[in-house]
Amino acid sequence: MKHFEKSNKLEGVSYDVRGPVLEEAERMQEEGVSILKLNTGNPAPFGFEAPDEIVRDLIMNVRSSEGYSDSKGIFSARKAIEQYCQLKGFPNVTINDIYTGNGVSELITMCMQGLCNDGDEVLVPSPDYPLWTASVSLAGGKPVHYICDEESEWYPDLTDMRAKITSKTKAIVVINPNNPTGALYPKEILEGIVELAREFDLIIFSDEIYDRLVMDGLTHIPIATLAPDRFVVTLNGLSKSHRVAGFRVGWMVLSGDKKGVKDYIEGLNMLSSMRLCSNVLSQQIIQTALGGYQSSDELLLPGGRIYEQREYIYNALNDIPGLSAVKPKAAFYIFPKIDSKRFNITNDEQFVLDFLHEHKILLVHGGGFNWQKPDHFRIVYLPKMDDLKFTAEKLREFLATYQQK
Ligand code: PLP
């Protein structure tokens, strides 16, 4: 048989959250080794159950969800998203500006496919949720990484962002609250980004899937609400806030000034039609999920599981010689810094593999999030407290003697 290779389009595209480190963990599992996996932000397997009302809604709607829906989604779901946006103050959003998707993931790839010609540049944060970088590359664009500054609570470095803008830059991607850092951006930073988008006429893509998972009494500000005169695409979904990552429920909202983007929106409409529609049964739960009471709230207050686990892991990591971490304000990730000189670390993936082999715990290296230096890794702090305690103990033990060869 002829030799078949992957397409050139996949050249340079990577998604390391489920990449080589996971493959190694799976290989070990096949050999009968039990692995503690702290690599994906998937709440349900860690005992975070979806709210009953959501599950009931889903079951009740099986019969009425047998057919395709409008390609942008069913009326009740889009109406509920429209209302959610209105309450938050999004400018210029009607039901026609709302598209449901099979998770935010599908919409990220869709909106980049519709945007990029070969060589078009898109500003993406470093570190990022790596699907953004991968989707820009897959679409033929060039991801250009702007730095988020660990010394300033992991906020985007606006000077660096400005310096990276060229005549080929089309858009800025913002991930707020952020994966992998857990940062929540204040108004001044968001306004600074909008100012750059104004000055250089750029589209803003804002991934806000963690907007309902904010702690410490802080408030999430959707960047769209600060940019009535810009075209902003905001992405959100239920995977995290309602612990239904497996149901694949996401949406995308177009807001602000749409004068210059008629053609792009036509492209989005076509891409949306080509996949016919997102899972109709999953769309049925959006109205209930967004209506009123948010069942994630109690997890995020003192005494709640996410809050307490954040407190624990933040303190425990900072207590280990050679590690330091900024306190996450939202989501359920922490992105600690390793004193790489002290441990002679030149390859962060190797560091994670060495830890996996020695202690059977799976982390993801900073490079997996397009962080350029070999001095970070990400922990998902969803596992129950005992597992987090075990992880912190093993990290302490490991780093007491570790030297990379
Ligand atoms: N965006 C960010 C920032 C994420 O962290 C994730 C999942 O981890 C996604 C998007 C994908 O979410 P979904 O399950 O809606 O595809």
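This is a conversation between a student and a tutor about a predicted model.

Student: What makes α1 and α13 roughly parallel?

Tutor: Take the angle and set it against the cut-off. Helix α1 (residues 20–30) and helix α13 (residues 348–359) pack at an angle of about 15°, with axes 10 Å apart. Angles under 35 degrees count as roughly parallel, so α1 is roughly parallel to α13. Their crossing is right-handed.

Student: Which residues of α1 and α13 meet there?

Tutor: On the α1 side they are Val21, Glu24 and Ala25, and on the α13 side Glu349, Val352, Leu353 and Leu356. Sorted by class, this contact holds five nonpolar, no polar and two charged residues.

Student: Why are α4 and α8 called oblique to each other?

Tutor: Use the angle again. The axes of α4 and helix α8 (residues 262–274) cross at roughly 135° and come within 9 Å. Angles over 145 degrees count as roughly antiparallel and 65 to 115 as roughly perpendicular, with the rest oblique once those under 35 are set aside as roughly parallel. The value for this pair falls in none of the named ranges, and α4 and α8 are therefore oblique. As for handedness, α4 passes α8 in a right-handed crossing.

Student: Which residues make the contact between α4 and α8?

Tutor: Met110, Cys111 and Gln113 of α4 meet Leu268, Leu271 and Ser272 of α8. By class, that gives four nonpolar, two polar and no charged residues.

Student: What else does helix α4 touch in the sheet?

Tutor: The sheet in question is an open one of eight strands, in the order β2-β9-β8-β7-β6-β3-β4-β5, with mixed pairing. Its edge strands are β2 (98–101) and β5 (155–156), each pairing on one side only. Helix α4 packs on this sheet, touching β2, β7, β8 and β9, and its direction makes about 155° with that of β8. Helix α7 lies across β5, β6 and β7, at about 170° to β6.

Student: How do you know that β7 and β8 pair?

Tutor: Pairing needs at least two bridges, and strand β7 (residues 203–207) shares four with β8, in the parallel sense. One example is phenylalanine 205, whose bridge partner in β8 is valine 233.

Student: What makes β11 and β14 edge strands in the sheet of three?

Tutor: That open sheet has the order β11-β15-β14, and its pairing is antiparallel. β11 (333–334) and β14 (364–365) each have a single partner strand, so one side of each is left without a neighbour in the sheet. β11 is joined to strand β15 (residues 377–380) by two bridges, and at least two is what pairing requires. Tyrosine 333 stands opposite valine 380 in β15.

Student: Where does the shell around the ligand come from?

Tutor: Its largest share, three residues, comes from helix α4 (residues 103–113). In total 13 residues surround the ligand, and the closest are Gly103, Val104, Ser105, Asn179 and Ser239. The shell divides into five nonpolar, seven polar and one charged.

Student: What is notable about the peptide bonds at proline 177 and proline 180?

Tutor: The bond joining asparagine 176 and proline 177 is cis, with omega about -5°. The bond from asparagine 179 to proline 180 is cis too, with omega near 20°. Proline 177 sits in the loop between β6 (169–175) and α7 (187–200), and proline 180 is found in the loop between β6 and α7 as well.

Student: What is the phi of arginine 243?

Tutor: Phi is near 55°, a positive value in a residue other than glycine. Arginine 243 is in the loop between β8 (231–237) and β9 (250–256).

Note on methods:
Residues are numbered from 1 along each chain as its sequence is written. This is a predicted model: local features need pLDDT of at least 70, side-chain atom pairs count only at pLDDT 80 or more; totals for chains, interfaces and linings use all residues. A residue is near a molecule or strand if its C-beta atom, placed from the backbone, lies within 6 Å of it. Ala, Val, Leu, Ile, Met, Phe, Trp, Tyr, Cys and Pro count as nonpolar, Asp, Glu, Lys and Arg as charged, and the others, Gly among them, as polar. Axes are lines fitted to C-alpha atoms, for helices over the stretch in contact, and angles run from 0 to 180 degrees between N-to-C directions. A crossing is left-handed if the near helix is turned anticlockwise from the far one by less than a right angle, and right-handed if clockwise. Two residues are in contact if their C-beta atoms, placed from the backbone, lie within 7 Å.
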